[in-house]
Amino acid sequence: MKLYVCWGTFQTPRPGGHPCANAHDALVEAGHDPEVVKVRGLVAGPVKWMTAGRNEVDELSGQAVVPVLITDEGEAIHESKRIVDWARQHPAVAQQPTG
């Protein structure tokens, strides 16, 4: 599983929290350990600072805005609220010890 984020998974004082951090926190709380890919750049309305990472996100999901989650099944989920909902509905299954 890969989680594409802007510059990191840190919280900001922004109302509602930082979308990339919210998505990452929800995945971790659900027991997932996503590979975090920092795409950098910026896409906000008409402003587009495209990077190789943003171009990859665009190819995978059809849009360059992050966060974007690519599940182990290859499903692309964009928007932090949708990723949070997905994490709550798909908690990680703990591995049972063998032997």
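Let's begin at glycine 31, just after helix H1, where phi is positive at about 95°. Please keep in mind as I talk that we are looking at a predicted model.

Now step back into the helix that comes before that glycine. H1 covers residues 19–29, and its buried residues are Pro19, Cys20, Ala21, Ala23, His24, Ala26 and Leu27. What do they pack against? The partners are three strands, E1 (2–5), E2 (35–38) and E5 (68–70), together with helix H3, residues 80–89.

Let me pick one residue from that helix, histidine 24, which sits in H1. Is histidine 24 buried or exposed? Its relative accessibility is 17%, and buried means under 20%, so histidine 24 counts as buried. Setting aside residues up to four places away in sequence, histidine 24 touches Leu3, Thr9, Pro34 and Val36. If you want a distance to go with that, the C-alpha atoms of histidine 24 and valine 37 are 11 Å apart, with their positions 13 residues apart in sequence.

On to the pair of helices, H1 and H3. Two packed helices are described by the angle between their axes and the distance between the axes. Here the axes of H1 and H3 come within 8 Å and cross at roughly 5°. Angles under 35 degrees count as roughly parallel, so H1 is roughly parallel to H3. Which residues meet in this contact? From H1 we have Pro19, Asn22, Ala23, Ala26 and Leu27, and from H3 we have Ser80, Ile83, Val84, Trp86 and Ala87. By class, the residues of this contact are 8 nonpolar and 2 polar, with no charged ones.

Two of those H3 residues deserve a moment. Serine 80 is in helix H3, and serine 80 is buried, with a relative accessible area of 14%. Beyond its neighbours within four places in sequence, serine 80 is in contact with Pro19, Ala23 and Pro67. Alanine 87 is also found in H3, and at 1% relative accessibility alanine 87 counts as buried. Leaving out neighbours within four places, the contacts of alanine 87 are Ala26, Leu27 and Ala30. By comparison, the C-alpha of alanine 87 is separated by 17 Å from that of histidine 18, 69 residues away along the chain.

Now for some backbone geometry. Most residues other than glycine have a negative phi, and most peptide bonds are trans. Against that background, let me show you three places in this model.

The peptide bond from valine 66 to proline 67 is cis, with omega near 15°. Proline 67 belongs to the loop between helix H2 (52–61) and E5. You have met proline 67 already, as one of the contacts of serine 80.

Glutamate 79 is not a glycine, yet its phi is positive, about 85°. Where is glutamate 79? It lies in the loop between strand E6 (76–78) and H3. With a relative accessible area of 45%, glutamate 79 is partly exposed.

Arginine 40 is another non-glycine residue with a positive phi, near 55°. Arginine 40 is found in the loop between E2 and E3, and it counts as partly exposed at 38% relative accessibility. Not counting residues up to four places away in sequence, arginine 40 touches Val5, Cys6, Trp7, Thr51 and Arg54. Glutamine 89, by contrast, is 49 residues from arginine 40 in sequence and 29 Å away in space, C-alpha to C-alpha.

Last stop, the largest pocket. How much space lies in the largest pocket? About 170 Å³. Its lining is made by Cys6, Arg14, His18, Pro19, Cys20, Leu42, Val43, Arg54, Val65, Val66 and Pro67. The elements that give two or more residues to that lining are H1 and strand E3 (42–44). Sorted by class, the lining has 8 nonpolar, 1 polar and 2 charged residues.

Some names come back here. Valine 66 and proline 67, the pair joined by the cis bond, are both among the lining residues. Cys6 and Arg54, which arginine 40 touches, are there as well. And Pro19, from the buried set in H1, also lines the largest pocket.

Definitions and conventions
Residues are numbered from 1 along each chain as its sequence is written. This is a predicted model: local features need pLDDT of at least 70, side-chain atom pairs count only at pLDDT 80 or more; totals for chains, interfaces and linings use all residues. Side-chain values use heavy atoms; hydrogens and water are left out. Buried means under 20% relative accessible area, exposed over 50%, partly exposed in between (1.4 Å probe, protein chains only). Helices (H or I, at least four residues) and strands (E, at least two) are DSSP runs, numbered from the N terminus. Contact means heavy atoms within 4.5 Å. On a 1 Å grid over the protein atoms alone, a cavity is a set of points where a 1.4 Å probe fits but cannot get out, and a pocket is an open set with protein on both sides within 12 Å along at least five of seven lines; lining residues have an atom within 4 Å of a point. Grid points are joined across faces, edges and corners, and a volume is the space filled by probe spheres set on the points. Ala, Val, Leu, Ile, Met, Phe, Trp, Tyr, Cys and Pro count as nonpolar, Asp, Glu, Lys and Arg as charged, and the others, Gly among them, as polar. Axes are lines fitted to C-alpha atoms, for helices over the stretch in contact, and angles run from 0 to 180 degrees between N-to-C directions. Angles under 35 degrees count as roughly parallel, over 145 as roughly antiparallel, 65 to 115 as roughly perpendicular and the rest as oblique.
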